[in-house]
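Biologist: Could you take me through one part of this model up close? I would like to follow one helix and what it meets.

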Amino acid sequence: MTLIGVPGRSGVIAVARRLAGHLARGLVMILVVTTISFLIIRNIPGDPMAAKYEKLVEQGMSPEAAQQAVNVLYGFMPTGSMWEQYLDYMKGLARLDLGQSLTVPGTGVSTVLMSAAKWTLIPVLAGTLLSFLVGIILGVYAAIKRQGKLGDLLAISGSLLHGVPQYVLALLLGAIFTTLIPILPAGGTADIMFEPGFNAGYIGSLVQHATLPVVTYALASYGGWILAMKSSVVTVLGDDFILAAELRGMKRSIIFRYIARNAILPLFTILALSLGLLFGGAIFIERIFNYPGLGLMLIDSITGRDYALMGGAFLLITVAIIIANIAADLLYTVIDPRVRSGGEAA
Amino acid sequence: MSVTSDKRAPGVRISDLSVVYRTPAGELPAVRGIDLELVPGTITGVVGESGSGKSTLALSLLNAVQPPGRISAGSVEIDGLGDVVALGGDDLRRARGRHVGYVFQAAQSSLNPLKTVGKQLLDLGRSHDVEDLPGLVKEARSLLDRMGMDGARVLDSHQHELSGGMRQRVGIMLALVLNAHLVVLDEPTTALDMITQATILRIIREVHEERGLTTLVITHDLGVVAEVADRLAVMYGGRVVEQGPTREVLGDPRHPYTRGLLQAIPRLVGDIDEARALPGRPPTLGTIPADGCVFRERCAVRMDVCETGEPPVLTQGPRIVACHAADMGPEAVTEPAKERQTVTAGVGDTPTTGEEQA
Amino acid sequence: MTATTIMPEARTASATLRRNFWRGVWRVMKRKPSRMVGVVIMAGFAFMGIFGPMLYPERLPRDTSALYAAPSWAHPFGTDFEGTDVLALVVTGSRYVLLTGLVTAVITVVLGAGIGLFAGFRRGRWDSVLMRITDMKLTIPGLPLLLVLSTIWKFTSAIEMGLVLGLLGWGGVARAVRAQTLSLRERGFVEAARGLGLSTTHIIGKELLPSMAPYIAMNMLIAVTGAVYAQVGLFFLGVLPFEANNWGVMLNLAVFGGGALTTTAALPYLLAPLLAILLLTLGIVLVVDAMDEIFNPRLREE
């Protein structure tokens with residue numbers, strides 16, 4: 001028999017334990033991803049690192065100096081055993097030294113990545129927020145009107161949009177709004193005619209350019225939200241405590257809040273998955289709308305054989321997903337008292 | 001609707017109440033032509049198997065039959081409130097909780113899992129425009145204390161931190177805290193262990209007397225009724241087949257179904273084979289006979305007239321029986337049932353797809 | 001309840017299911033004609049993938065006088081930058097796309113169901129280790145990983161592509177099948193069969209798999225769409241060499257070669273493969289919806 005739990009201190013400990021678990025798993029993930037990067041880069045046909053080293057030595061550089069130069073450039077030691085190279089690469093990563101970018105010469109990979117990250121992060125978050133809100137409201141509606149035509153229509157729109165891949169949506173939206181009815185810009189972050197800074201013209205242009213990417217992100221995940229919310233609300237509507245609240249004469253507005261809060265809860269687990277999906281999908285959307293975020297950077301680094309940048313972009317996208325997961329889980333913990341008290345939660 | 005502050009227990013008169021459920025096969029009656037009076041200040045017990053319509057009857061008292069069901073005929077007159085069937089909208093909402101308290105089955109969760117009991121209590125108070133919220137909390141705490149719990153701690157707890165028996169007591173507290181004088185308890189002890197069951201029954205009895213309530217207890221367990229109820233109504237197939245003072249009905253059952261129920265209870269002393277279950281299964285929504293007696297399929301004293309004729313309602317002092325064979329004396333129904341099934345305590349819940357789940 | 005009362009019930013239930021299966025299928029199909037449409041669409045794509053390429057010569061004819069021609073009777077979706085008929089490109093390109101999808105789906109389902117069943121059946125340490133791995137796999141961003149992999153692996157054949165996608169994609173199915181296995185266990189299925197002295201192979205093969213088969217089949221269909229999207233997407237991004245004729249290649253050439261997002265000339269070239277993808281999605285969504293209702297009696301009654 002469960003007796004009254006003690007939320008206070010044990011709750012904090014439970015949250016801390018969850019967080020520690022997440023961080024540990026995140027570290028393992030980072031280790032896995034960086035190892036994959038390392039193995040792939042070391043096995044690229046033609047071995048560009050070794051080639052560069054040979055070339056530098058041929059040009060008359062001393063082996064040590066050449067080794068140094070390659071290491072600065074790629075974050076890799078071109079010589080030594082595989083194991084030594086791996087340790088060296090990892091040491092560099094631990095110092096957040098990801099090597100030098102080839103596409104933007106003279107700049108560290110981390111700098112290049114950081115400047116690209118905002119162009120992915122802000123649209124992805126804006127799109128997610130937008131679709132989360134719209135999807136949840138329509139999902140509640142679809143659940144309440146599930147017997148009617150409109151509810152059916154909403155559910156069908158949800159499953160269709162949920163099934164369509166992001167690039168198809170992006171291409172269709174692009175074809176409509178940049179080619180057929182050219183009212184939105186086809187690519188870039190802002191018109192070059194505006195001076196970057198805090199002025200109306202630049203900001204307006206930013207918003208205009210971000211519209212298509214953000215709407216695509218939103219539409220791509222909207223279907224998932226509406227479907228998940230609908231089924232969640234239907235489940236909660238059948239719960240006893242809703243009928244109990246009704247029989248106690250609770251106000252409709254209060255009952256609605258009970259339904260909404262209980263129904264949203266399971267969606268937070270999906271939120272994490274969806275964010276991960278969106279960061280992956282950013283590759284398509286940024287490529288299509290020529291938006292200079294992490295995804296475009298990853299593609300450019302692959303086509304431009306900029307392997308240090310490629311490894312870095314892959315790593316950063318993974319880290320973003322790990323962080324999104326942790327954030328979603330913590331949010332869940334804050335909302336659900338059953339998890340918070342560390343009990344035998346559902 | 002004005003808040004009546006009279007402290008007297010209200011009487012309830014249910015007349016000719018029918019509830020139908022809309023199904024693909026048309027509207028089927030779950031409860032048909034029920035006449036039942038709850039005498040002010042008494043505890044009335046309603047017993048029946050799953051699908052007998054007893055839960056539907058309980059919900060009717062708050063005009064809360066859930067779709068696809070609806071009250072198709074009859075009235076439920078509650079003193080100080082009028083005919084509940086005619087109420088709607090905000091008037092109905094205010095009547096619920098304020099005038100009629102409703103307590104849910106124990107095992108099921110009648111609390112919002114995400115909020116503490118105290119916060120839900122405040123929601124309840126706000127819903128009923130209680131101005132003195134601290135007073136409400138105080139009242140709740142003393143009720144909980146009174147039921148043998150640490151009130152302050154319970155109010156600070158979430159549902160998952162409470163045991164089944166504690167949740168049930170919280171449910172009773174929420175039904176009483178607004179000072180309702182008519183209380184409906186739907187299966188108050190189902191799924192609780194024996195000791196907790198006994199505690200809950202004692203609390204029901206005590207609170208009933210202390211506060212001067214009119215109480216309706218819905219159960220499938222004859223033992224529960226024997227323990228707490230002053231009056232007893234037996235339901236079968238959506239009908240009340242027999243009612244009267246508990247002692248008299250249990251001591252001298254007139255309806256063959258009541259008799260069958262009593263025979264199905266295994267005794268602690270004596271041969272377990274003496275307990276015999278009723279043959280057959282209770283009818284579900286779709287299989288309730290439209291004409292004649294609803295019990296005839298399983299009845300040991302079935303006659304030709306049962307096929308077609310509505311059983312006559314015989315009144316004898318406080319006792320009412322609806323049976324063609326009722327005046328033939330008890331000997332007619334004592335012959336043992338032909339088939340033996342599993343021995344169950346009480347009536348036993350045979351899984352049916354009746355309106356209980358709806 | 002005892003084991004002896006459960007098993008015969010389960011068996012008669014599955015026998016009845018089989019007997020009534022096709023009648024049920026027909027009834028569900030008839031009730032919503034849209035589902036019939038779904039089946040027809042899927043059959044159409046299967047036909048296109050198998051026989052489509054046979055209808056055209058090995059090298060598609062080029063009409064150099066009509067580059068990016070507008071849709072006409074001769075070219076329902078116009079022509080591409082070389083004057084090749086776009087419809088012919090879609091039809092001949094379907095084989096690679098669908099074959100990859102099929103290979104991926106088979107690998108996904110076999111691996112996913114195998115691992116999920118094993119984990120759910122064994123429980124304990126095996127379960128937690130396998131699920132940790134699965135979780136990790138689910139968190140590693142699949143598309144970036146594919147892109148990075150493409151630097152050393154060129155995915156030349158459809159089978160090779162399907163293999164890689166399948167090896168990367170079994171995580172979701174494994175999780176779902178494990179959850180199903182666990183819930184079947186909870187219902188006493190496995191214990192009852194154990195009690196009857198049935199072997200593990202029998203329990204998995206005869207009791208667990210059949211009750212999960214429809215679920216797995218639905219997952220397989222969904223895996224087909226996932227694989228189609230992924231490989232069309234990879235080719236569209238242009239990180240893979242354009243070996244074969246393929247919808248993704250068409251999209252890439254239309255957008256980055258033909259400028260379909262700035263001029264209307266290449267628009268039909270862009271829309272044709274998109275339409276094919278959308279139609280395939282629609283067909284699969286409709287069929288999955290129908291399957292859901294056929295195998296989920298609870299939904300049928302509503």
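Modeller: Happily; here is a look at one helix pair in chain A, with the record and a neighbouring chain after that. This is a predicted model, in which local features need pLDDT of at least 70 and side-chain atom pairs count only at pLDDT 80 or more, while totals for chains, interfaces and linings use all residues. Residues are numbered from 1 along each chain as its sequence is written, and chains are lettered from A and ligands numbered from 1 in the order in which they are written.

Let's start with helix H5 (residues 109-144) and helix H12 (residues 294-303) of chain A, whose axes come within 7 Å and cross at roughly 130 degrees. Helices here are DSSP runs (H or I, at least four residues; strands are E, at least two), numbered from the N terminus. Axes are lines fitted to C-alpha atoms, for helices over the stretch in contact, and angles run from 0 to 180 degrees between N-to-C directions. That crossing makes H5(A) oblique to H12(A); under 35 degrees counts as roughly parallel, over 145 as roughly antiparallel, 65 to 115 as roughly perpendicular and the rest as oblique.

On the H5(A) side, A:Leu113, A:Ala116, A:Ala117 and A:Thr120 meet A:Leu294, A:Gly295 and A:Met297 of H12(A); contact means C-beta atoms, placed from the backbone, within 7 Å. Five of the residues in this contact are nonpolar, two are polar and none is charged. Ala, Val, Leu, Ile, Met, Phe, Trp, Tyr, Cys and Pro count as nonpolar, Asp, Glu, Lys and Arg as charged, and the others, Gly among them, as polar.

An unreviewed UniProt entry annotates "transmembrane region" at several stretches of chain A, including residues 121-144. That span is 100% helix and 0% strand, with its end C-alpha atoms 34 Å apart.

Chain A also has 41 residues in contact with 34 residues of chain C.

Technical notes:
Two residues are in contact if their C-beta atoms, placed from the backbone, lie within 7 Å. UniProt positions are given in the numbering used here, feature names are shortened, and annotations may be inferred rather than shown by experiment.
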